[in-house]
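Work through the exercises below with the sequence and the structure open. Try each task before reading its solution.

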Amino acid sequence: MRYSQKGMATVENKNTAANSGSQPVSQPGAQPGAKTSAKPGAREGFVYLPLIAGWLVPGAGHFLLRKWGRGALLSASILAMFVLGLTMQGKLYSNAHEILDILGLAGDLGNGLLYIISQILGLGAAQAQTTLADYGTRFIVVAGLLNVIAAVDAHNLRTGRKS
Amino acid sequence: MGHTFFQPSHFTAVVLFALFASIVFGITQRETPRRMIRYGIYCFVLFVGSTIAISWLMFLVAR
């Protein structure tokens, strides 16, 4: 005869009730200290995909995580900053020998595919010769740095470190 | 040297820079939408306010 054990003081019901509280109860036979459940927010798959996608294409990491609003705002901001920098005849760093140029190149590389495509198309100035062009150069570098911050944020969302 | 398509004033450049940077800071450094907006506005005010303050300071020092 089948009957319901709901509400009865069975081992299974005791463990369920205990787990709903603050004190974790280990299963019979489980190793002490072993993890019994996954961290909230953590999902299966390649953890670094949003980080890499976010670096290559601004906002793509958030789009992968279905954070459409955040992704659109990040994408629009970073893209606008990069394009404005180019239209101000900002410099795209390529061959860096001095320390400041190397830092500028590192910032530019943060733009991911935007930087690579711009280099291929020959966009941007070879040298910043006016004050405005210098501003443009800073816009491009900062767009890259902001893109790195956005990509790391997507990674934190993916790992559950941020909700 | 190529043609410069966009020629903002210095202040416009500062406001645009502050706007875009504040949006990214707000979204990435806070968790709830309300706190994101508040932090974004806070960053924007600090960016623009500190620029104006330092500009006046340099103006007065240079006199």
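Helices (H or I, at least four residues) and strands (E, at least two) are DSSP runs, numbered from the N terminus. This is a predicted model, in which local features need pLDDT of at least 70, side-chain atom pairs count only at pLDDT 80 or more, and totals for chains, interfaces and linings use all residues. Residues are numbered from 1 along each chain as its sequence is written, while chains are lettered from A and ligands numbered from 1 in the order in which they are written.

**Exercise 1.** State how many helices and strands chain A has, and judge the confidence of chain A.

Solution. Step 1: count the elements; chain A has seven helices and zero strands. Step 2: read the pLDDT, the predictor's confidence in each residue, from 0 to 100. Its mean over chain A is 81, and 74% of the residues reach 70 or more. Step 3: find the weak stretches. The pLDDT is below 50 over residues 1–5 of chain A and also over residues 13–41 of chain A.

**Exercise 2.** Compare the span of α7(A) with the expected span, and identify the residue that follows α7(A).

Solution. Step 1: the expected span of a helix is 1.5 Å times one less than its number of residues. Step 2: α7(A) has 29 residues, and 42 Å is expected. Step 3: from first C-alpha to last, α7(A) reaches 42 Å, close to that value. Step 4: the residue after α7(A) is A:G160, with a positive phi near 90°.

**Exercise 3.** Describe the side of chain A that touches chain B.

Solution. Step 1: two residues are in contact if their C-beta atoms, placed from the backbone, lie within 7 Å. Step 2: the contact takes 23 residues from chain A and 16 residues from chain B. Step 3: on the chain A side, α4 (68–87) and α7 (131–159) are the elements that give two or more residues. The largest share, nine residues, comes from α4(A).

**Exercise 4.** Find which helix gives the most to the largest nonpolar core, and examine A:M81.

Solution. Step 1: a nonpolar core is a set of buried Ala, Val, Leu, Ile, Met, Phe, Trp, Tyr and Cys residues joined through C-beta atoms within 7 Å; buried means that 20 or more other C-beta atoms lie within 10 Å of a residue's own. Step 2: the largest core has 35 residues, and those with the most contacts inside it include A:M81 and B:V24. Step 3: α7(A) gives the most, with 13 residues. Step 4: not counting residues up to four places away in sequence, A:M81 touches A:F139, A:V142, A:A143 and B:F20.

Methods. A residue is buried if 20 or more other C-beta atoms lie within 10 Å of its own, exposed if 12 or fewer, and partly exposed in between; C-beta atoms are placed from the backbone.
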